[in-house]
Amino acid sequence: MTTTDSSPAATARPSLRAARERFLAGRPLPPGVPEEVVAAWRRARFFGVPHDLEEPSACPPLPGESPLLGAARPVLDRVVPALSAGGSLLVLTDERLRVLWTAGSSPGSRVCAVLSEQEVGNNSAALALRARSRAEVHGPEHFLDRWQDVSAVSVPVLGPESGQVLGTLTVVSRLSAAGRPHPQAALAEATVAAVETELRTRAGRGERVLLDAYVLAARGQDRAVAALDGRNRLVSDAAQRLLTPEVLGVLERTAAGASDTDVTGFAELPEGAGCTARVTPVRLDGRTIGIVAALEPLDDPAPPAPAPSPPVALTGSSLPWRHAVGHAVELARSREPLLLTGERGTGKSALARELLGPDSVQVADAALDPGLGQALPARHPGDPLLLRHGERLAQPGVAALNSLLDQHPDTRLLVTYTPGAPVGPCLQRLLDKLSARSVALPPLRERTEDIRELLPALAPRPAPGQPPLTWTLDALRALQRYPWPGNVTELAHVVRALAEQRRPTGPVRRAELPDAVREGPAARPLSPMEHAERAAILEALRRHGGNKARAAAALGIGRATLYRKLRGYRH
């Protein structure tokens, strides 16, 4: 539970312990058990976590060099003596909740190699990672038997520039009789603050070393040089003229993986690149932090063949997006109807077209033809049907669609639906019928790490001889902080407008962004209770396929209350 206030779990631990035993036995739960705790137990059961787990989980391979551990170790070494003898355990994980470092001990708190919910069920590190704020789990709130008598508090470690979660720090102790806040909460937060300060200091050194390497390589004549470290990019004017999106992508991936492999030598560029790239690693304290690439044009370059970029509908590597797309792809393998839900602009129609493949597709738009009086009579039997804006269907359209499904049950149908507007009983029955095979696409504000991948996919292809659109780090931060109420569609409009209106060279600066994006949201920070509440609501929405009425019923609140709370989190 992600709150520092007292809660039913904290004040009535014996009843919570009994409730857990009833849950494990498959018996009805008593009233008053916190919904977020029950949801966490259900997730553990869904993931197949054995409550009596004894053996540590098999840890996935750790990166060869961990910047987080390197920055945290000096801080942690100073903190360890402050732990009470035999009474507390300190645990550092990476962003995948793989344990990087431990010190101290606490009875009954043996640490698994991975602290993800899929491996060990409910725990404070997984909650802190998801909520991006301090989280606590006490005694029977845990799913595992072995953690019933311990209390744990976790704080996420945020990157100094990206703001992304790099890992978590957890303090584990005997079960706290005082409830919340955890007695070591202040120590955990102070330690994380010191680690983030060390990361910020090291990041600044890395940028200076990268800049020095770039200046050294680019001095003298007008050389085509690019310096990259996975976050920052320095490109000379001569290099801008040679770089294509494909070449830039290769160099970005080379820089991102430079710490794990020897990248010295010529990069393997795509056919038709028109240049070569000799790569030299940039090192700091014996560790590779980036690369410098010297570009040379080929004597007789072949005209670059436009390489197909991945469809925008499939672009993104964030966990929410990969989960949604993977689920949609799996469901689309059968010929049964599929419902794609999500806010406007999240990419429902684009993803639907990708799922239906290159074959002939009949498209009906309920926004233009709510009764489907024009689309269905013109449909060719056997063609897949994509119905856009299902929320606009009128009663005749719902009846026509039900009739089509009854007469031709093998019809391949994909429906896109934007929740929000009140629906009539006929449409609600159709949605209930389709809800068993529905996928909710996450809004862009819940997968901001995908923005870096979306930008080149959304930008128009540059004219011959023109460099691709690039972005300063400050501009990228502004793009990732903006809430994007219009989602990917709004981002695409911004990118295309900048590509058409701005100067032809140099990266896009923050000052060139639209006012609303440049200034960022004026949102108030959420309290720990609101973070926990928001996490519970999002989890309920995911469990019920984005159906807000069902999510509200599962949470025990009215639908109007759910809408009001969701609006409050956005503003």
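**Figure 1. Leu97 is a buried loop residue in this predicted model.** Its relative accessible area is 4%. Under 20% counts as buried, so Leu97 belongs in that class. The residue sits in the loop between β1 (88–94) and β2 (99–104). Look at its backbone too. The phi of Leu97 is positive, about 65°, although Leu97 is not a glycine.

**Figure 2. Asn487 is a residue of helix α16 with a positive phi.** The helix covers residues 487–501. Phi of Asn487 is near 60°. That is a positive value in a residue other than glycine. Is Asn487 buried or exposed? Asn487 is buried, and its relative accessible area is 0%.

**Figure 3. Leu269 lies in the loop between β8 and β9.** Strand β8 spans 265–266, and strand β9 spans 275–284. The relative accessibility of Leu269 is 19%. The cut-off for buried is under 20%, so Leu269 counts as buried. Which residues does Leu269 touch, leaving out those up to four places away in sequence? They are Val247, Val250, Cys275, Thr276 and Ala277. The view also takes in Leu248. Leu269 and Leu248 are 21 residues apart along the chain. Their C-alpha atoms are separated by 9.5 Å.

**Figure 4. Helix α10 has its buried residues on the same side.** This helix runs over residues 319–331. Begin with its length. At 1.5 Å a residue, its 13 residues should span 18 Å. The end C-alpha atoms are 18 Å apart, which agrees. Now look around the helix. Trp321, Ala324, Val325, Ala328 and Leu331 are buried. They cover an arc of only 130° around the axis, so they lie on the same side of α10. What do these buried residues pack against? Their partners are β11 (338–341), α11 (348–356) and β15 (438–440). The face turned away from the buried side carries Leu319 and His323. Both of these residues are exposed.

**Figure 5. Helices α14 and α15 pack at an angle of about 105°.** Helix α14 holds residues 451–458, and helix α15 holds residues 473–481. Their axes are 11 Å apart. Why is α14 described as roughly perpendicular to α15? Angles from 65 to 115 degrees count as roughly perpendicular, and the angle here is about 105°, which makes the pair roughly perpendicular. On the α14 side, the contact is made by Ile451, Arg452 and Leu455. On the α15 side, Leu473, Leu476, Leu479 and Gln480 take part. The contact residues divide into five nonpolar, one polar and one charged.

**Figure 6. Helix α15 has buried residues covered by other helices.** The buried residues of α15 are Leu473, Ala475, Leu476, Ala478, Leu479 and Gln480. What covers them? The cover includes α7 (185–218), α14, α16 and α17 (515–519). Asn487 of Figure 2 belongs to α16.

**Figure 7. The protein chain has 20 helices and 15 strands.** This last legend sets the close-ups in the whole chain. The chain has 571 residues, and buried residues make up 48% of them. Take contacts between residues at least 6 apart in sequence. Of these, 64% join residues at least 24 apart.

Key: Residues numbered from 1 in each chain as written. Predicted model: local features only at pLDDT ≥ 70, side-chain atom pairs only at ≥ 80, totals over all residues. Heavy atoms only, no water. Axes fitted to C-alpha atoms, helices over the stretch in contact; angles between N-to-C directions. Helix = DSSP H or I, 4+ residues; strand = E, 2+ residues; numbered from the N terminus. Parallel < 35°, antiparallel > 145°, perpendicular 65-115°, else oblique. Contact = heavy atoms within 4.5 Å. Nonpolar A, V, L, I, M, F, W, Y, C, P; charged D, E, K, R; others polar. Expected span 1.5 Å × (residues − 1). Buried < 20%, exposed > 50% of the residue type's maximum accessible area, 1.4 Å probe, protein only. Arc of directions from axis to C-beta.
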